[in-house]
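Let's take a walk through this one, beginning at the ligand and working outward. Have the viewer open as you read.

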Amino acid sequence: MKLTTAGESHGKALIAVIEGLPAHLQLDMEKINADLALRQSGFGRGARQKIERDRAEILTGVRNLETLGSPVTLCIYNKDYANWTACMSDGKCDESVMAQKSLTKVRPGHADLTGVIKYGQTDARNILERASARETAIRVAAGGVYKQYLSALGVEIGGYVKEVCGVKDEREYAFDELAKAKTTELGMLDKEIEELAKCKITELKKNGDTAGGVAEIRVKGLKSGFGSVMTYAEKLDAQLAQGLMSIQAVKGVEVGAGFAVAKKSGKDIHDEIAYENERGFYRTTNRAGGIEGGMSNGEELVLRVAMKPIPTLMKGLKTVEYTTKESAVAASERSDVCAIFALEIIAEAVVAEVLANAVEKRLGGDTMAEVKTRYNLLP
Ligand code: EPS
């Protein structure tokens with residue numbers, strides 16, 4: 001299965017094309033739109049989210065709410081395009097509006113500077129429009145399709161926000177407790193810690209500053225053997241890390257105990273193996289996070305993703321104006337203070353994409369019935 005996304009932050013629309021889905025996958029668009037609404041929510045989001053009301057529209061590949069096996073195209077129209085037509089149109093733009101909206105005081109931590117040099121631009125808007133995390137809206141829509149493919153096999157994905165700018169929830173939660181996170185303001189499961197995190201965001205906002213955080217993503221019901229021990233590029237943890245690192249602002253990914261493995265001895269890290277007639281083989285602990293040797297081992301997948309603070313600061317950092325090369329204060333334009341709740345939703349979508357691909361690689365199948373039969377035959 002192949003996913004391509006396209007679209008600029010203030011352009012007409014965002015598009016995703018998914019190739020390789022089997023026929024007869026029933027799609028519930030309301031579930032996809034619910035994820036899109038969650039991605040827009042969360043304490044610390046900016047004014048843009050008051051303009052957009054993201055809803056995915058299907059343009060191709062689906063008839064009567066079922067996939068046909070042909071490429072599925074999803075589209076989200078940017079409502080804000082109406083306010084940006086003069087300088088974001090594919091036709092002739094208004095030079096004065098373009099100049100007014102241009103960005104040359106390149107932002108530290110953003111794609112601005114490296115992007116303008118690489119693509120021979122002077123206006124970083126030609127870079128930031130694609131670098132923008134607005135692109136994640138369409139990845140969440142596509143992820144919603146992959147989630148429904150996995151759900152048909154009994155594979156479910158959940159998650160929560162574990163940390164916001166140093167305010168951390170140290171507790172571990174059972175998978176069934178995670179759904180509650182979607183009903184909170186910041187995606188955190190502990191009310192008191194969430195209040196502290198909100199205070200932190202409010203304080204940072206007052207100072208023209210921003211926050212990142214950590215989200216934990218979990219997967220229940222994935223059988224063992226997805227990914228590969230034979231080919232490095234097909235290792236499941238490698239593919240998950242690639243997918244998660246591709247999300248805007250992500251700087252770190254952990255699987256299971258993650259970086260803590262380096263602090264402990266083998267006896268305290270490796271998960272002992274047991275067997276019961278009804279359950280089959282299982283691990284008595286899950287520090288490996290459900291992946292050994294690049295393959296799922298049948299335990300829950302446990303992944304954590306670290307997001308850096310958003311690089312658009314209302315009190316800009318020191319920089320250099322790109323055209324004059326003079327010292328300057330970095331550009332600040334409307335943005336979010338914290339988008340960690342969004343990251344949690346986006347990371348679920350990306351994990352769904354990677355896992356659906358791993359399932360398709362192993363099982364193939366032109367119809368959902370074939371995929372399900374093959375999945376159910378696995379130990
Ligand atoms: C973003 C800047 C802001 C964010 C945007 C990501 O957009 P704007 O410049 O229009 O205020 O709100 O994220 C989204 C629009 C979104 O839907 O997630 C950036 O520079 O990355």
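How far does a polar side-chain atom of Arg39 lie from an oxygen atom of the ligand? In this predicted model, the gap is 2.6 Å. Arg39 has company: Arg134 puts a side-chain N or O atom 2.8 Å from a ligand oxygen, and for Gln49 a polar side-chain atom lies 3.1 Å from an oxygen of the ligand. The ligand on its own would expose 460 Å², and the protein buries 93% of that.

So much for single contacts; now look at the surroundings. The ligand sits in the largest pocket. Around the ligand you'll find His10, Arg39, Arg45, Arg48, Gln49, His110, Ser132, Ala133, Arg134, Arg334, Ser335 and Asp336. Sorted by character, that shell has six charged residues, five polar ones and one nonpolar one.

Arg334, one of the residues around the ligand, is worth following further. Its side chain meets that of Asp80 in a salt bridge, 2.8 Å from N to O. The two partners are 254 residues apart and tie together distant parts of the chain. Asp80 is in the loop between strand S6 (72-77) and helix H3 (81-88), while Arg334 belongs to the loop between strand S17 (327-329) and helix H11 (340-363). Side chains of opposite charge can pair when their charged atoms come close. Across the whole structure, a search turns up 32 salt bridges.

Methods: Residues are numbered from 1 along each chain as its sequence is written. This is a predicted model: local features need pLDDT of at least 70, side-chain atom pairs count only at pLDDT 80 or more; totals for chains, interfaces and linings use all residues. Side-chain values use heavy atoms; hydrogens and water are left out. A residue is near a molecule or strand if one of its heavy atoms lies within 4 Å of it. A polar contact is a pair of N or O atoms within 3.5 Å; within protein, one must be able to donate a hydrogen and the other to accept it, and residues adjacent in sequence count only if both atoms are side-chain atoms. Accessible areas come from the Shrake-Rupley method with a 1.4 Å probe; for residues, only the protein chains shown count as cover. On a 1 Å grid over the protein atoms alone, a cavity is a set of points where a 1.4 Å probe fits but cannot get out, and a pocket is an open set with protein on both sides within 12 Å along at least five of seven lines; lining residues have an atom within 4 Å of a point. A molecule sits in a cavity or pocket if more than half of its atoms lie within 2 Å of its grid points. Ala, Val, Leu, Ile, Met, Phe, Trp, Tyr, Cys and Pro count as nonpolar, Asp, Glu, Lys and Arg as charged, and the others, Gly among them, as polar. A salt bridge is a side-chain nitrogen of Lys or Arg within 4 Å of a carboxyl oxygen of Asp or Glu. Helices (H or I, at least four residues) and strands (E, at least two) are DSSP runs, numbered from the N terminus.
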